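Subject: The structure for you to look over

Hello,

Here is the structure I promised to send over. Please open it alongside this message, and I will walk you through what turned up.

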Amino acid sequence: MAVDRERVAALIRELLEAIGEDPDRPGLKATPGRVADAYAEFFGGVGQDASTPLANTISIAHGPAPETSPSGAVMLRDIQFRSVCEHHLLPFRGKAHIAYLPGDHVVGLGALPKVVDILASRPQVQERLGEQIADAIADALDARGVLVVLDASHGCVTMRGDRQHDASTVTIAARGELASAAARAELIALIGAGRE
């Protein structure tokens, strides 16, 4: 379902009035439309199937000789994402790190950020977002294991209340052979490798 821009703009106009502002003053006159456009982008993942980018796989076991068997993990670090917390409708943003142990197939690396973007582009909580990313990859690929680590800064922590400007939240979601802490330790170390 696409965002109803007209309805969002009308509601933002009403919100501006509710906080005591004049939505017709020059600085705010175009704000309802701008917010509607932003919300169309922020919530564009609502109703989208996150597994769609994972539909085209590449066989690593079969192809040009010699044939091979998958062994190690595939990891993509530092996938930037942004979302909107469903509790306060404030933004949170950070980096996703995804690793999976392939079965016979891998997916093009560009598909992984698309999965993150679809699932982040809806009202979310970080804990669910990581689980949904892991499930989408585990369900769509024949992966032997999946690991998703999200590190994000939340507007509800940095901009309100005690305003912990430097605080970030780290969540881990794991499936299959990477479900145990021992199995994912090497991958977690690789996420931080080479950083200062």
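At what angle do helix α3 and α4 pack, and how far apart are their axes? Before you turn to the viewer, please keep in mind that this is a predicted model. In it, helix α3, which covers residues 111-120, packs against α4 at an angle of about 135°, and the two axes are 10 Å apart. That angle makes α3 oblique to α4, since only values over 145 degrees would count as roughly antiparallel. The crossing of these two helices is right-handed.

You can find the contact itself by selecting two sets of residues. From α3 come L112, V115, V116, L119 and A120, and they meet L129, Q132, I133, A136 and I137 of α4. Sorted by character, the residues of this contact are nine nonpolar, one polar and no charged.

Now for the overall picture. The protein has six helices and seven strands. Read from the N terminus, their order is α-α-β-β-β-β-α-β-α-β-α-β-α. The C-alpha trace spans about 70 × 35 × 25 Å along its principal axes. Of the 196 residues in the protein, 36% are buried. Taking the contacts with a separation of 6 or more, 69% are between residues 24 or more positions apart.

Next, the charged pairs, which may be what you want to look at next on screen. The structure holds eight salt bridges, and here are some of them.

Let me start with D24, which forms a salt bridge with R13; the closest N and O atoms are 3.0 Å apart. This pair links distant parts of the chain, with D24 in the loop between α1 (5-18) and α2 (31-42), R13 in helix α1, and their positions 11 residues apart. How accessible are the two partners? D24 has a relative accessible area of 39%, so it is partly exposed. R13 also counts as partly exposed, because its relative accessibility is 31%.

The next pair is E41 and R82, whose side chains meet in a salt bridge at 3.8 Å, N to O. E41 belongs to helix α2 and R82 to strand β2 (residues 74-85), so this salt bridge ties together parts that are 41 residues apart in sequence. With a relative accessible area of 51%, E41 is exposed, as the cut-off for that class is over 50%. R82, at 24%, is partly exposed.

Then there is E131 with R175, a salt bridge of 2.5 Å, N to O. Here the pair ties together parts that are 44 residues apart in sequence, because E131 lies in helix α4 (residues 126-140) and R175 in strand β7 (residues 169-176). E131 is partly exposed, with a relative accessible area of 30%. This salt bridge has company, too: E131, D135 and R175 are linked in a network of salt bridges.

A few single residues are also worth a click.

- T158 is in helix α5, residues 155-158. Its relative accessibility is 13%, so T158 counts as buried. Leaving aside residues up to four places away in sequence, T158 touches S153, R163, Q164, H165 and A167.
- D78 is in strand β2, the strand that also holds R82. The phi of D78 is near 60°, a positive value in a residue other than glycine. D78 is partly exposed, with a relative accessible area of 29%.
- L89 sits in the loop between β2 and β3 (91-101). Phi is positive for L89 as well, near 55°, and again the residue is other than glycine. At 47% relative accessibility, L89 counts as partly exposed.

If you would like a route through the model, you could begin at the contact of α3 with α4, where the residues include no charged ones. From there, E131 in α4 leads you across to R175 in strand β7. After that, go to strand β2, where R82 has its salt bridge partner E41 in helix α2 and where you will also find D78.

Have fun with it, and do write back with any questions.

Best wishes

Methods. Residues are numbered from 1 along each chain as its sequence is written. This is a predicted model: local features need pLDDT of at least 70, side-chain atom pairs count only at pLDDT 80 or more; totals for chains, interfaces and linings use all residues. Side-chain values use heavy atoms; hydrogens and water are left out. A salt bridge is a side-chain nitrogen of Lys or Arg within 4 Å of a carboxyl oxygen of Asp or Glu. Helices (H or I, at least four residues) and strands (E, at least two) are DSSP runs, numbered from the N terminus. Buried means under 20% relative accessible area, exposed over 50%, partly exposed in between (1.4 Å probe, protein chains only). Axes are lines fitted to C-alpha atoms, for helices over the stretch in contact, and angles run from 0 to 180 degrees between N-to-C directions. Angles under 35 degrees count as roughly parallel, over 145 as roughly antiparallel, 65 to 115 as roughly perpendicular and the rest as oblique. A crossing is left-handed if the near helix is turned anticlockwise from the far one by less than a right angle, and right-handed if clockwise. Contact means heavy atoms within 4.5 Å. Ala, Val, Leu, Ile, Met, Phe, Trp, Tyr, Cys and Pro count as nonpolar, Asp, Glu, Lys and Arg as charged, and the others, Gly among them, as polar.
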